[in-house]
Amino acid sequence: MNTKLISTLSAGAAAATVLVSMTAPAQAAAIKFGTDGIMFDRKTTVKFTFLGTNGANLSSLGIFQVSGFKNSAGQYDARSTISLVKTLFEKVKPADAMTVTAPGKFSTYNAGYSTNWRGTYEGGTITGPRTVYFTFAANTMYTLGLFNITRIKKDSAGNAVLDQTVANTYSTSSLNGRGPSQSDQRAVFGYGGVQGEILAAGEGQRLTTAGNFISANPFLKGGITIGLEDERGNGNSRDYNDFVINAEAVPEPLTMGGLALGGAWLAYNRRRRNTKNA
């Protein structure tokens with residue numbers, strides 16, 4: 001798995017290098033798009049496209065604004081103010097193979113779903129449009145998050161029904177715990193190959209290389225893949241395919257501003273790699 005994933009990341013990095021020649025280093029600190037948050041140095045519109053789900057839980061995917069409390073490491077965490085500003089996609093049933101028979105009740109529970117709860121747009125697992133646009137304000141911290149996460153169980157009649165609701169999970173690792181020692185990666189950000197890896201895997205098939213996918217450049221043509229986990233602290237899962245989307249920044253006209261955004265991204269990504277390898 002590592003070889004394929006690393007090669008696709010390298011291809012994406014090479015494409016981004018084209019922008020280095022006209023960078024604006026002073027902008028670098030304001031660009032984030034990964035597990036340390038989402039932030040742009042100017043108003044930026046991003047197109048989000050639903051790709052699929054492999055999660056047994058019901059959930060919705062949204063964009064949250066983050067502010068307020070920071071911990072001793074200067075990070076936002078679970079004690080910060082995390083406010084939903086936009087719902088992107090919502091699951092209305094656990095998987096394509098199931099049908100809604102009543103509110104909170106679905107067609108007969110099949111144990112086979114436990115290895116592959118595949119959900120697609122065509123199969124009706126989500127409601128609403130397949131593609132959604134959102135404009136991020138400048139110099140404002142955001143995160144993606146799964147919310148209204150509700151587990152499914154089998155009732156006495158063999159039907160799948162809603163069970164307990166669990167805590168939200170966020171693409172910003174530090175928001176999934178209280179303090180630096182509890183930071184918990186619940187999302188991966190990568191290029192083309194990672195999409196195939198996580199969507200092909202069944203529910204519960206661990207992605208062992210998740211640490212390689214902590215940021216990606218949304219300004220690349222075709223965008224990048226983001227995969228999210230729908231539960232916290234579950235060491236037996238970490239398949240990162242419970243909700244999978246594509247994210248692509250809508251390009252500005254080819255001006256110094258647009259080139260500066262790309263250059264700032266390169267500086268940010270280089271800084272993250274250096275921190276990880278330190």
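Tutor: Let's start with a cut-off: a residue counts as buried when its relative accessible area is under 20%, and as exposed when that area is over 50%. Keep in mind that this is a predicted model.

Student: Why is Phe64 called buried?

Tutor: Phe64 has a relative accessible area of 4%. The limit for buried is under 20%, so Phe64 is buried.

Student: What makes Phe64 and Phe147 an edge-to-face pair?

Tutor: Rings pair if their centres lie within 6.5 Å, and planes over 60 degrees apart count as edge-to-face. Here the centres are 5.9 Å apart and the planes make 85 degrees, so both conditions are met. The pair links distant parts of the chain, as Phe64 sits in strand β4 and Phe147 in strand β10, 83 residues apart. Phe147 is buried too, with a relative accessible area of 11%.

Student: And why are Phe33 and Phe40 called tilted?

Tutor: Their ring centres are 6.0 Å apart, and the planes stand at 45 degrees. Stacked needs under 30 degrees and edge-to-face over 60, so an angle that meets neither is tilted. Phe33 and Phe40 are both buried. They also belong to a cluster linked by ring pairs, including Phe48, Phe134 and Tyr142. The structure holds 12 aromatic pairs.

Student: How do you know that strand β4 is largely enclosed?

Tutor: Of the 10 residues in β4 (residues 58-67), 8 are buried, so the rest of the structure largely encloses this strand. β4 pairs with β10 in the antiparallel sense over 7 bridges, and Gly62 has Gly145 of β10 as its bridge partner. With strand β5 (residues 81-91), β4 pairs over 8 bridges, again antiparallel; there Leu61 has Phe89 as its bridge partner.

Student: What makes β14 and β15 a pair of strands?

Tutor: Two strands pair if there are at least two bridges between them. Strand β14 (residues 224-228) is joined to strand β15 (residues 243-249) by 5 bridges, so the condition is met. The two run antiparallel, and Thr225 of the pairing stands opposite Asn246 in β15.

Student: Why are β9 and β13 called edge strands?

Tutor: The open sheet has 5 strands in the order β9-β3-β15-β14-β13, with antiparallel pairing. β9 (131-136) and β13 (187-190) each have a single partner strand, so one side of each is left without a neighbour in the sheet. On average, neighbouring strands of this sheet are turned by 25 degrees against each other, direction ignored.

Student: What makes Glu229 and Arg186 a salt bridge?

Tutor: The rule asks for a side-chain nitrogen of Lys or Arg within 4 Å of a carboxyl oxygen of Asp or Glu. For Glu229 and Arg186 the N to O distance is 3.7 Å, so the pair qualifies. Glu229 lies in the loop between β14 and β15 and Arg186 in the loop between β12 (169-170) and β13, so the pair ties together parts 43 residues apart in sequence. Glu229 is buried at 1% relative accessible area, and Arg186 is buried at 0%. Salt bridges that share partners join Asp184, Arg186, Glu229 and Arg238 into one network.

Student: How many salt bridges does this rule give?

Tutor: The count comes to 10. One of them joins Arg130 and Glu122 at 2.7 Å, N to O. Arg130 is partly exposed at 30% relative accessibility, whereas Glu122 is exposed at 59%. Lys32 also forms a salt bridge with Asp36, the closest N and O atoms being 3.4 Å apart.

Student: What makes the link between Arg118 and Asn54 a polar contact?

Tutor: A polar contact needs a pair of N or O atoms within 3.5 Å. The contact between the side chains of Arg118 and Asn54 is 2.8 Å, so the distance fits. Arg118 sits in the loop between β7 (105-108) and β8 (126-127).

Student: Are Asn139 and Tyr240 buried or exposed?

Tutor: Asn139 is exposed, because its relative accessibility of 52% falls in the range over 50%. Tyr240 is buried, because its 2% is under 20%. Asn139 has a positive phi of about 55 degrees although it is not a glycine, and Tyr240 also has a positive phi of about 55 degrees without being a glycine.

Technical notes
Residues are numbered from 1 along each chain as its sequence is written. This is a predicted model: local features need pLDDT of at least 70, side-chain atom pairs count only at pLDDT 80 or more; totals for chains, interfaces and linings use all residues. Side-chain values use heavy atoms; hydrogens and water are left out. Helices (H or I, at least four residues) and strands (E, at least two) are DSSP runs, numbered from the N terminus. Axes are lines fitted to C-alpha atoms, for helices over the stretch in contact, and angles run from 0 to 180 degrees between N-to-C directions. Buried means under 20% relative accessible area, exposed over 50%, partly exposed in between (1.4 Å probe, protein chains only). A polar contact is a pair of N or O atoms within 3.5 Å; within protein, one must be able to donate a hydrogen and the other to accept it, and residues adjacent in sequence count only if both atoms are side-chain atoms.
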